[in-house]
Amino acid sequence: MVATSATARDGWSSRTAFILAAIGSAVGLGNLVRFPAEAGANGGGAFVLFYILCIVLIGLPVLLCETLIGRHGQAAAPESYRKLAVESGASKAWELVASLGVFSAFLVLSFYCVLGGWVLYYIGTFGADLVATGVSGPAFDGLSYEEVDALFPAMISNGIVTSLLDILFLGITLLFVARGVSGGIEKVAVYLMPTFFVLLLGITIYGFFGGAMEQTFAYLFTFEPEKLTPEVMLAAVGQAFFSLSLGVAGMVTYGAYVGRDVNLAGTSAIIAGADTAVALIAGLCIFPIVFAAGLAPNGGLGLMFQTLPHAFQEIPFGSLIGLAFFVMVAFAALTSSVALMEVPTAWVIDRFGLRRGAAAGLVTLGAAVLGVLSALSTGVLSGFHPLGFIPIFEGMGTLDALDGLTSKLTMPIAALLTSVFVGWIADRRLVDSENGLSGGLHLFWRFLVRFACPLVLAAIMVFGVIG
Ligand code: PHE
């Protein structure tokens, strides 16, 4: 291993640290904002149940593929793909799959931190409200329903605010990534993830007693087959990849810091299970409050940024719970943005031999430039549609277009090629020595990776994109 390798000096200090960091990467705005928004926009139960199927039959097998490629390679993602390809007597061009992933991670980082910035804004808003109105009262005392509703459009259309907060969120991410794996990335996960779980459970229990639980269960878990269109399926697959951080070489990168003693199959199952549980809990946390307030479930991003603040307006301790809620969201987002930044950073370190701090700084700079385009796309640049020439992205501003491009195209493509690589190309003995599976489960995983993942992904993408 060369001395400049991203992994040469550093790695997770324990299995628990890896699990928490990987769960930290997986659990984020994807679970708390995107999952409820997508479920609401795509008809509830049909989406949710297909999503769970995607996680188990496609996401989890691919997650194991990614972590095993990373652990085997012990290097940045393209290097790890190349190593496995060359040792298997295959073309080193397979590293291009990882390069696509690294590029996607960079794109996701650029718009993810814009959303992170929005969350910071709400922390500030609820924080100020808490100081103004005191601990025990509802949030936004004295503001009307319409005035609270107007906070969100006012914020996202203010390009200066969204751009500065985007850069602030990127800067906070940089602080941790620059410190390295065990000194920074791991610390943020080990401290923030447990806090996140406590806050999430607290707020959900509150909703259990105060909100419209019955209606929520009916909405999220009633399966209506006629609602399962190709677009809904593509949205569910895309959400599964986004949520598990797959197809962006993220789990390959984190896998490279894992010791040989860790059973990758077991840990992958823990990661996928925790991620799915958090998405469902987020649904059970948000929709009861939405339904109890008589509001519609298909509010998209407005669900979190408009509908919930209304709910906090109604309840005692609203400012405090609102503040706790957005702090929790920010923690989850930060452990994900750290993972997103680590992918291109590890690549720059390996490829150009830069020091970690400089590499992470360079990635931050690039993400800030692109991020500002996304930050402005909900305001002055809303008429700029960079991918408007592709029908499914027609009329979308930079933020939505990059989100669609990555979750609906580049991530599924990278995941599809990864499953073909591990299932058909890579030397079976090398794969088997890493995956930690045996017996029937092993055969089932192999079947999923060789046949189910590539075929289902290809079919869903063809039908979902063509319509
Ligand atoms: N999985 C993260 C989330 O749900 C987003 C993410 C995608 C993080 C890809 C890392 C890599 O918020």
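## Helix 13

Helix 13 covers residues 264-292. At 1.5 Å a residue, its 29 residues should span 42 Å. The C-alpha atoms at its two ends are 42 Å apart, so expectation and model agree. The model described here is a predicted one.

Helix 13 is also largely enclosed by the rest of the structure, because 22 of its 29 residues are buried. Look next at the two ends. At the start, Asn263 points a side-chain oxygen at the backbone nitrogen of Ala265, reaching to within 2.9 Å. After the helix comes Gly294, with a positive phi near 70 degrees.

## The ligand and its cavity

Where does the ligand sit? The space taken by the ligand is the largest cavity. Four elements give two or more residues each to the shell around the ligand: helix 1 (15-26), helix 2 (29-41), helix 11 and helix 15 (318-352). Helix 2 gives the most, with three residues. In total, 13 residues lie around the ligand. Those that come nearest are Ala26, Gly30, Tyr112, Phe242 and Ser245.

Polar atoms of the protein also approach the ligand. A nitrogen atom of the ligand is 2.7 Å from a polar backbone atom of Phe242. An oxygen atom of the ligand is 3.1 Å from a polar backbone atom of Leu29. For Asn31, the side chain is involved: one of its N or O atoms is 3.3 Å from an oxygen atom of the ligand. How much of the ligand does the protein bury? Taken alone, the ligand exposes 320 Å², and the protein buries 99% of that.

## The loop between helix 11 and helix 12

Helix 11 (230-243) and helix 12 (250-255) are joined by a loop that holds Ser245. Ala249 lies in that loop too. Neither residue is a glycine, yet each has a positive phi. For Ser245 the angle is near 60 degrees. For Ala249 it is about 65 degrees.

Are these two loop residues buried or exposed? Ser245 has 10% relative accessibility, so it counts as buried, the cut-off being under 20%. Ala249 is at 4%, so it counts as buried as well. Ser245 also makes a contact within the protein: its side chain and that of Ser25 are joined by a polar contact of 3.0 Å. Ser245 is, in addition, one of the residues that come nearest to the ligand.

## The loop between helix 4 and helix 5

Ala93 lies in another loop, between helix 4 (77-87) and helix 5 (95-133). How exposed is Ala93? Its relative accessible area is 42%, so Ala93 counts as partly exposed.

Ala93 can also be paired with Thr398. The two are 305 residues apart along the chain. Their C-alpha atoms are separated by 30 Å.

Methods. Residues numbered from 1 in each chain as written. Predicted model: local features only at pLDDT ≥ 70, side-chain atom pairs only at ≥ 80, totals over all residues. Heavy atoms only, no water. Buried < 20%, exposed > 50% of the residue type's maximum accessible area, 1.4 Å probe, protein only. Expected span 1.5 Å × (residues − 1). Polar contact = N/O pair within 3.5 Å; in protein donor to acceptor, adjacent residues only side chain to side chain. Near = heavy atom within 4 Å. Areas by Shrake-Rupley, 256 points an atom, 1.4 Å probe, with all protein chains shown as cover. 1 Å grid on protein atoms, 1.4 Å probe; cavity = no way out; pocket = protein on both sides within 12 Å on 5 of 7 lines; lining within 4 Å. Sits in = over half its atoms within 2 Å of the grid points.
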